[in-house]
Amino acid sequence: MNYPKIFLQKGRDEAVRRFHPWVFSGAVARREGTAPDNNIDDGDVVEVFDNRATYLGTGHFHDGSIQVRLFSFAAHTAGQPIVPDVAFWEQKLIHIRAVRASVIPAQTNCYRLIHGEGDGCSGLIIDMYNGVAVLQAHSIGMHRQRQPIVEALQRVFGTELVAVYDKSAETLPEQYAAGVQNGYRYGRTETPRAVQENGHTFLVDWITGQKTGFFLDQRDNRQLLARYSAGKRVLNAFCYSGGFSVYALSAGALLVHSVDVSKKAIDLTNQNVAANPGFAGEHEAIAADVMDYLKEPNTPNYDIVVLDPPAYAKSLSARHRAVQGYKRLNVEGLKRVAPGGILFTFSCSQVVDRELFYNTVVAAAIEAGRQVRVLHHLSQPADHPVSLFHPEGGYLKGLVLWVE
């Protein structure tokens, strides 16, 4: 197999040697395509070399700021290049699944199987929902390899695998995505499908739902909320499908208000609360803009307020505006926490790092005039691992605050 080659500038190979999976355009010295036209197309498998032609890794090419997303740093075996075929992905999945087996809690059959760079699969997300694998490719190269990946899933999971659904149209580059349709690549099943998370039931629809259908990255943080919820009045803002609400009610909350601007989200929340019968506490789902709800004079104060907004910034250019949005939101959220209450506040914006988010919440507390203690620093769970060499993968950050 003769792949196109990417050669790095002198002194620009250190990050790749340290297993950072991205090669930025500014590090590239030259590119060598293959015959007959010598071109390198978006999505092509390429090999990366330093300025002395020493092999560094294999990945997918894209003519942009991130020119290569590496999926292998393994040295050539007997002079043969890395071939990302079914056997290659099968070996990756066997290893990754073994890691997951050690971190997924009991009574849980929904989890992230592959978390992009954190699992050595830059550009690929696979979430499992009670035997259904939902695949999202974030790069053209990964999307072009979906068939061997699907076959590898069948080999590794066998009869446990019910279906594989490809939901990549929303996450791929716009021009390429115009020719992509979401759909089943293996098997088929009805949606919504009931899944279990820490013994709680949730109905997941990967076809019409946000992301892959459910926010799996908040599992541990939902469990932490349950620890504080007995006998409390709880506000779950930006509730989406009501994950935090179900955990709070199950733990004995007296009252839970679930608020989201989306009527569809409110319907999902009500369905998930109904799927877990026997709650003693009262629940009300409210379709409203969260900021408007927090500012409304008749809105009550709560013992616990959860602020879990969607990403306010998806690029560096939007970061300043996002920080201002987080500050305004947390000011209003802090005002709704009863004295001696708790605020759970989150950011999933990758470009807003942990320190910046912390400082933004500090500024909000100053403006709100509240005395605040930090009880917990929160992150994503172990099935969303972050490579030590790719800290950008740590996108979810949160704080649990005791508010006087």
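This is a chat about the fold of one predicted protein model.

Student: Hi! What kind of model is this, and how are residues numbered?
Tutor: It is a predicted model, where local features need pLDDT of at least 70, side-chain atom pairs count only at pLDDT 80 or more, and totals for chains, interfaces and linings use all residues. Residues are numbered from 1 along each chain as its sequence is written, and side-chain values use heavy atoms, with hydrogens and water left out.

Student: Great. How many helices and strands are there?
Tutor: The protein has eleven helices and 20 strands. Helices (H or I, at least four residues) and strands (E, at least two) are DSSP runs, numbered from the N terminus.

Student: And what about the radius of gyration?
Tutor: It is 23 Å, which agrees with the value near 22 Å for a compact globule of 404 residues. The radius is taken over C-alpha atoms, and the globule rule is 2.2 Å times the number of residues to the power 0.38. Along the principal axes, the C-alpha atoms fill a box of roughly 70 × 50 × 40 Å.

Student: How much of the protein counts as buried?
Tutor: 54% of the 404 residues do. Buried means under 20% relative accessible area, exposed over 50%, and partly exposed in between (1.4 Å probe, protein chains only).

Student: What share of the contacts joins residues 24 or more positions apart?
Tutor: Among contacts with a separation of 6 or more, 65% are of that kind. Contact here means heavy atoms within 4.5 Å.

Student: Let's zoom in on H2. Which of its residues are buried?
Tutor: The buried ones are Val86, Phe88, Trp89, Glu90, Lys92, Leu93, Ile96 and Arg100. They pack against strand E6 (66-72), strand E7 (110-115), helix H3 (140-144) and H4.

Student: What is the span of H2?
Tutor: Helix H2 (residues 86-101) has end C-alpha atoms 22 Å apart, which agrees with the 22 Å expected for its 16 residues at 1.5 Å a residue. The expected span is 1.5 Å times one less than the number of residues.

Student: You mentioned H4. What is its span?
Tutor: For the twelve residues of H4 the expected span is 16 Å, and the end C-alpha atoms are 16 Å apart, which agrees. Its buried residues include Pro148, Ile149 and Leu153. Just after H4, Gly158 takes a positive phi of about 55°.

Student: Where is Arg146, and what does it touch?
Tutor: Arg146 is in helix H4 (residues 146-157). Not counting residues up to four places away in sequence, Arg146 touches Asp166, Tyr176 and Arg185.

Student: Why does Arg146 count as partly exposed?
Tutor: Because its relative accessible area is 26%, and partly exposed is the class between under 20% and over 50%.

Student: New topic: is Ser168 buried or exposed?
Tutor: Ser168 is buried, with a relative accessible area of 0%. Ser168 sits in the loop between strand E10 (163-166) and helix H5 (174-177). Apart from residues up to four places away in sequence, Ser168 touches Leu135, Gln136, Ala137, His143 and Asn182.

Student: What about Ile40, buried or exposed?
Tutor: Ile40 counts as buried at 14% relative accessibility. Its place is in the loop between strand E3 (28-32) and strand E4 (45-49). With residues up to four places away left out, the residues Ile40 touches include Pro4, Val46 and Phe61.

Student: Where is Val386?
Tutor: Val386 lies in the loop between strand E19 (372-378) and strand E20 (397-403), and counts as partly exposed at 39% relative accessibility. The C-alpha atoms of Val386 and Gly116 are separated by 9.1 Å, with their positions 270 residues apart along the chain.

Student: Any backbone details? Which residues does the cis peptide bond join?
Tutor: A cis peptide bond joins Thr191 and Pro192, with omega about 0°. Pro192 is in the loop between strand E11 (183-187) and strand E12 (193-197).

Student: What is phi of Ala53 and of Lys211?
Tutor: Ala53 has a positive phi of about 65° although it is not a glycine. Ala53 is partly exposed, with a relative accessible area of 48%. Phi of Lys211 is near 50°, also a positive value in a residue other than glycine, and Lys211 counts as exposed at 53% relative accessibility.
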